[in-house]
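Visitor: I should like to go through this model and hear the grounds for each term applied to it. May we begin with the structure itself?

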Amino acid sequence: MGGATMPDAALFRTLLFNRNVSLGTPGGRSSCFKLKRQPMIGKRFHEKKRKQLHGNAWFRRTRPVVYLSMNDSSEFQPAFVDEDDNPSDSLEIREDELLTAQIDLSDVRSQRDAIEKERDILLEKLAIAEAKQHEYQTAVMHEKELTISELEAAKELFHKKVQESIQEKFDLESKLILAKQDAIELAVQVEKLAETAFEQTTSHILEDARLRVSTAETSAAEAAYQIEEQIRSATEGAVLSIVDQSKSAIENALAVAESAGDRTKQFVASYVDDLNLVDEIASLKSQNVKLQKTMSDLESQLLVSNNEMNKLKLELEKSRQQATAYELLARDTEKELLEFQKSIRETAIQQEDEVKSLLEKMKKDSADRRKATSKAFKAELETIQAAIEAAKETVRAKDVAYVRRCEALQRSLKASESASKTWRQRAEMAEALLSKKVGFGENDDEETYVVNGGRVDLLMDDDSQKWKLLTNGPRRKIPDWMVKRIGFICPRFPPRKTNMAEAKLSKFKSLELPKPDEVWSIAQEKPKEGDTLVEHVMEKEIIEKKRKALERALQRKTIKWQKTPEEIKLEPGTGTGREIVFQGFNWESWRRQWYLDLAPKAADLSRSGITAVWFPPPTESVAPQGYMPSDLYNLNSAYGSVEELKYCLEEMRNQDLLTLGDVVLNHRCAHKQSPNGVWNIFGGKLAWGPEAIACDDPNFQGRGNPSTGDIFHAAPNIDHSQDFVRKDIKEWLNWLRNDIGFDGWRLDFARGFSGSYVKEYIEASDPAFAIGEYWDSLAYEGGNLCYNQDAHRQRIVNWINATGGTSSAFDVTTKGILHSALHNQYWRLIDPQGKPTGVMGWWPSRAVTFLENHDTGSTQGHWPFPRDKLLQGYAYILSHPGTPVIFYDHFYDFGIRDVITELIEARRRSGIHCRSPIKIFHANNDGYVAKTGETLVVKLGHIDWNPSKEVDLDGSWQKFVDKGSDYQLWLRQ
């Protein structure tokens, strides 16, 4: 540095109190000038005064002379030399010396001014260097805090993963133990069952065989006994009859012989007497002939008896053969029984082997799983360790960089401290020098010049910023994070310049700075009502808020005034035609007090451009989500109480938002069981019975008419053909409309009953807007979506036709096509007639387009929309005719709220409504380009296109949204 390091005030005062001053120059030379002390008022006055007060002694005093010389380090070093004044020289004062002194004084003053300017520049540079130094310190501390927080986060993540791994290990071990126990119990049960089955089967077979054998033996014994009895009885009867007949024949023959002998004797006697022997002989011959006949008859009877005996013998042989056959059958049965027992034993052994092999396999699988788990755990641990090592290495590198920065800062601090120490020493030396009693007297106020009065101390002290804050005061409430940072950051700014008039009055009194606690109590003090500045700021903020609120209200009223009668008119099928529906819930919303969570979002939804909010089912339900209703008039559900529901609806109404209630009309859960144990008795105000249930419902034994749609198998399907059912539903819908405050309906499972009943319900309740859920599968071939989906969208259009156009329907066709079309298959978005391929292409005013809802997305995920194509999907449905629906999760949880709001603003500016005409320019693998209405053009994909390249597109177009290859929007100027 080429300037002197002595303070300017000290130098000036040194010049005033000393006659000879030597100043070093940048070139290493020193320039000296001699300064005669001259009074400020008049020469004679001071000479006389000096003579009166001091006499000649003053002229003999030693006077200090200050020399400033430049050493090798380019710094000025002060040197003090005592000079003996010569009284004779002092008494001779000449006019030319006075003139020279004045010239020298003016030169010194100019040099002093230059030095002072240079000093100010150096002070500013020093302040800037210190500010940079503090910024470096702040940056280093911030990086250190970030590094520490990242390390802490890594540690927490590591500990969390370790805990999760340990917990998973414990869970796997417990599952393994439970699996082993289950396997052992299963084996024991299988073994017991096998033994029981074997015993039961064997016992049954043995008993059956024994019974069969005993039955065969009994039947064989009985048959043999009967045959033997028959043979015995027949034989005995025949023999006895033959013997009796023989005996009688023999007795007859003997009697005839005796009678013949007697007659012979009589004949002989008579022959002698009468001589009639010839007659008697003839009679005897006749009797003999009779006896022969009798003998022949007996022989024939004996032959008959022999034949009967032979027959009986044959029957006995047959009986013996049957008995032998029964014995063989019994032996075969015993053999089969033995073989069956053997097979049962083999089967049991085989099952036991299979169970053992299964247990071994389970043990092996569990060991493999455990090894795989341990391996995965080790790999994960290694990954975590690698991440920790990387984090440590990063922290180490940051620490090294931080240490290097700290060392550099320390070096700069040491240099600053050495410089400040030099400044302090010089200031102290100058102050000590100038504070000596030099001059005409101790009470010479005119000759007394106050030194800095602590200026160097104030410059080097940390309280300079505090003094500035104490002087100026806080401008606004300081946040906590700023208070914490201020606690260790104290920039050292140069103090204010001291006024000479105030310095003269101070009489060397040092500046009494407040304590740090007092200063920061002022900084941390909250704004008070009496603070003019704070009141001004608060008033300004209040006025700004009121101005914005008035602007929004004026904008809404202006939009209302600018609307045509067609735009203000509400139709249940379309609303105003410019509706943008927001589904205000997801599948898990019932877990919180949802009505109280949704109500504060009404203002935000209205500002974003939403016009209608779809509420969850409000009724009491068996399932907490609300889609299994029971008592329709009980609105205390899992989403909140009926009072909370009314409060939420009132908040929506205050923001000019339509509210759509999700009504489930297809089915209803019963409260009681019928005498045969079927749940088909309803309770509550609508106490229906089985006659309110469709008769073709296979699970609930309804006694109504057949269903007019598809069957919902989880609950009783309501028969809408019953007059009392339709009457009760109409009254309930009007109660929801008039007493609760709903403006319209979302009809759940609309394909469960005819659209003609929907028409009747809508005409009776007169909703502002109604949407039906008619959801069935699209057409696929080989797992790929078919290009032609006319049949699918025709079914939805048929249902809308059945309602007489009083209700719109979700465009499920467009959702399904977008799933495939946005993956570089944009040709799917145009049909052969050049129109969109969904319901939007046939009946756009009744098409409600959407990407996801609580069924397809959320935690159910039955049919989720591709996550990376959400922005393109919303760009499509919000830039096309129909009524778009925005899902709660996408708007508040997916981080794309601003993008959706931007697309809604583009739709509003271009005036797109549900009936806007559309013209498709391009639809191929590269991209999709279409014009909606007359003021908006949308491009999807990476096709190289802009409005200037389209011949059929006239007018001047300005790009409103540019998302590159995802989508771009132009508005007509």
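**Helices on a sheet**

Guide: In this predicted model, helix α21 (residues 870-878) lies across β18, β19 (936-941) and β21 (967-972), and α21 runs at about 155° to β19. Helix α23 (residues 897-910) also packs on the sheet; α23 touches β19, β20 and β21, and its direction makes about 30° with that of β21.

Visitor: What is the strand order of this open sheet, and how do its strands pair?

Guide: The sheet has 5 strands in the order β17-β18-β19-β21-β20, and the pairing is antiparallel.

Visitor: What makes β17 and β20 edge strands?

Guide: Strands β17 (918-923) and β20 (957-962) each pair on one side only. Neighbouring strands of this sheet are turned by 20° against each other on average, direction ignored.

Visitor: How do you know that β17 pairs with β18?

Guide: Pairing requires at least two bridges between two strands. Strand β17 is joined to β18 (residues 927-932) by 5 bridges, therefore the two count as paired, and they run antiparallel. In one of these bridges, isoleucine 920 has alanine 930 of β18 as its partner.

Visitor: Why is α21 called mostly covered?

Guide: Of the 9 residues of α21, 8 are buried. They are Leu870, Gln872, Gly873, Tyr874, Ala875, Tyr876, Ile877 and Leu878.

Visitor: How do you know that the length of helix α16 agrees with expectation?

Guide: Helix α16 (residues 723-740) has 18 residues, which at 1.5 Å a residue should span 26 Å; the C-alpha atoms at its ends are 25 Å apart, so the two values agree.

Visitor: Which residues of α16 are buried, and why are they said to line one face?

Guide: The buried residues of α16 are Val725, Arg726, Asp728, Ile729, Trp732, Leu733, Leu736 and Ile740. Viewed down the axis of α16, they fall within an arc of 165°, so they line one face of the helix. The face turned away from that buried side carries the exposed residues Asp723 and Asn738.

Visitor: What do the buried residues of α16 pack against?

Guide: Their partners are α15 (642-654), β7 (658-663), β10 (744-747) and α17 (755-765). Just after α16, glycine 741 takes a positive phi of about 120°.

Visitor: Is serine 674 buried or exposed, and why?

Guide: A residue is called buried under 20% relative accessible area. Serine 674 has 10%, so serine 674 is buried. This serine sits in the loop between β8 (672-673) and β9 (679-681). Leaving aside residues up to four places away in sequence, serine 674 touches Asn680 and Ile681.

Visitor: Is asparagine 784 buried or exposed, and why?

Guide: The term exposed applies over 50%. Asparagine 784 has a relative accessible area of 52%, so asparagine 784 is exposed. Its place is in strand β13 (residues 784-785).

Visitor: How far apart are asparagine 784 and serine 820, in sequence and in space?

Guide: They are separated by 36 residues in sequence, and by 9.0 Å in space, C-alpha to C-alpha.

Visitor: What describes the chain as a whole?

Guide: The chain contains 23 helices and 21 strands. Of its 973 residues, 38% count as buried. Among contacts with a separation of 6 or more, 69% are between residues 24 or more positions apart. The chain exposes about 55,600 Å², of which carbon and sulfur atoms supply 53%.

Definitions and conventions:
Residues numbered from 1 in each chain as written. Predicted model: local features only at pLDDT ≥ 70, side-chain atom pairs only at ≥ 80, totals over all residues. Heavy atoms only, no water. Helix = DSSP H or I, 4+ residues; strand = E, 2+ residues; numbered from the N terminus. Buried < 20%, exposed > 50% of the residue type's maximum accessible area, 1.4 Å probe, protein only. Contact = heavy atoms within 4.5 Å. Areas by Shrake-Rupley, 256 points an atom, 1.4 Å probe, with all protein chains shown as cover. Axes fitted to C-alpha atoms, helices over the stretch in contact; angles between N-to-C directions. Expected span 1.5 Å × (residues − 1). Arc of directions from axis to C-beta.
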